[in-house]
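Here are a few notes to read alongside the model. Keep the 3D view open and go through the points one by one.

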Amino acid sequence: MAVVLHCSLLLWTRLAAMVFSCVAFSVAVHGGQLHHGTGDWCIFCWAFSFAGTLVVLLVELFGLQTRAPVSWKNFPITFACYAGLLCLSASIIFPLYFLKGNVSYSETRNLRIVSTVFSCLATVAYIVEVSISKARPGEVAGYMATAPGLLKVCETFVACIIFVFVSDPVLYDRHDALKYCMSVYCICFILSAAVIVLCVGECTGCLPFPFARFLSAYALLAVVLYLSATIIWPIFNFDPKHGGTKNRPYNCSGAMGLCTWDKLMAVAVLTGMNLVLYLADLIYSARLVFVSA
């Protein structure tokens, strides 16, 4: 089996991302004293990113792209985008739970700072990789290398963060309107994830309808659904007339991480963010001329 090594900016970027993510979780595991479940999530983000990048490098090193059970035009950039988002979330969550309010100088604190710094570096490296790999105007590439494909990765990731916030504690069972918002998040997430799986698995040709038309119709539906959720969620959580709390409770200031009110606000912001993402997706999908190799 021949070993193929092409030195390029993309290769060095992947190597840097792999090293940075490896250092982040190694240092955190070694002496970070992660006593909270959130630490396990951060470790997963860094370890998953490291392992996936290692697999991508090995496949390309040994020239196994044609033997891979996935589309190699779509998989590496899809993974890099998810890895970048995972490392970004860890870069925000880790200091929020393990550095906030900790002003005492100790070895544990210093190691946590090191993990945070390398997590940020890994995030930058993955963003650079996505920037290098994404399709240029007029270039023939996989769907996931285009702007709509990358937007769908971001849409599913934001939805996953929403699911995390609304599940502990359960924030959507107080009113039917909030359950409707939850159904919006689930429906749009499932459809976006299905599109990603179809593209990475090269199964879009098996659909009984034109894939491009489905993308445009789905993007329009998602914009309408998220627009309604963007309006309904804040009304039934922050308007006192509907049982909500307008002002942030005082006990949230001393809470570690995010209190319930903070999570409600975070879901409202993330809902608006996904609305913008789906709107951009709709615009791109309507304009994009998808050319398959």
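1. A bit of vocabulary before we start: a crossing is left-handed if the near helix is turned anticlockwise from the far one by less than a right angle, and right-handed if clockwise. With that in hand, find helix 7 and helix 8: helix 7 passes helix 8 in a left-handed crossing. Bear in mind that this is a predicted model.

2. How do we describe such a pair in general? Two packed helices are described by the angle between their axes and the distance between the axes. Here the axes of helix 7 (residues 211-238) and helix 8 come within 8 Å, with a crossing angle of roughly 160 degrees. Angles over 145 degrees count as roughly antiparallel, so helix 7 is roughly antiparallel to helix 8. As for what sits in the contact of helix 7 with helix 8, its residues split into 22 nonpolar, seven polar and one charged.

3. Now pick out leucine 279, which is in helix 8 (residues 260-287). Is leucine 279 buried, partly exposed or exposed? Its relative accessible area is 40%, so leucine 279 is partly exposed. Measure from its C-alpha to that of leucine 220 and you should get 7.8 Å, although 59 residues separate leucine 279 and leucine 220 in sequence.

4. Next, the aromatic rings. How many aromatic pairs does the structure hold? There are 18 aromatic pairs. Take phenylalanine 20 and phenylalanine 118: their ring centres are 5.9 Å apart and their planes lie at 55 degrees, so this pair is tilted. The pair links distant parts of the chain, with phenylalanine 20 in helix 1 (residues 9-31) and phenylalanine 118 in helix 4 (residues 107-133), 98 residues apart. Phenylalanine 20 is partly exposed at 21% relative accessibility, and phenylalanine 118 is partly exposed at 23%.

5. Some aromatics also gather in a group. Tyr185, Phe209, Phe214, Tyr218, Tyr226, Trp233 and Tyr278 make up one aromatic cluster.

6. Last, the cysteines. A disulfide is a covalent bond between the sulfur atoms of two cysteines. The count here is zero disulfides. Why is cysteine 120 not bonded? The closest cysteine sulfur to that of cysteine 120 belongs to cysteine 87 and is 9.6 Å away, which is too far for a bond. Cysteine 181 tells a similar story: the closest cysteine sulfur, in cysteine 186, is 11 Å from its own, again too far for a bond. As for accessibility, cysteine 120 is partly exposed at 36%, while cysteine 181 is buried at 0%.

Technical notes
Residues numbered from 1 in each chain as written. Predicted model: local features only at pLDDT ≥ 70, side-chain atom pairs only at ≥ 80, totals over all residues. Heavy atoms only, no water. Phe/Tyr/Trp six-rings, centres within 6.5 Å; stacked < 30°, edge-to-face > 60°. Helix = DSSP H or I, 4+ residues; strand = E, 2+ residues; numbered from the N terminus. Buried < 20%, exposed > 50% of the residue type's maximum accessible area, 1.4 Å probe, protein only. Axes fitted to C-alpha atoms, helices over the stretch in contact; angles between N-to-C directions. Parallel < 35°, antiparallel > 145°, perpendicular 65-115°, else oblique. Nonpolar A, V, L, I, M, F, W, Y, C, P; charged D, E, K, R; others polar. Disulfide = S-S within 2.5 Å.
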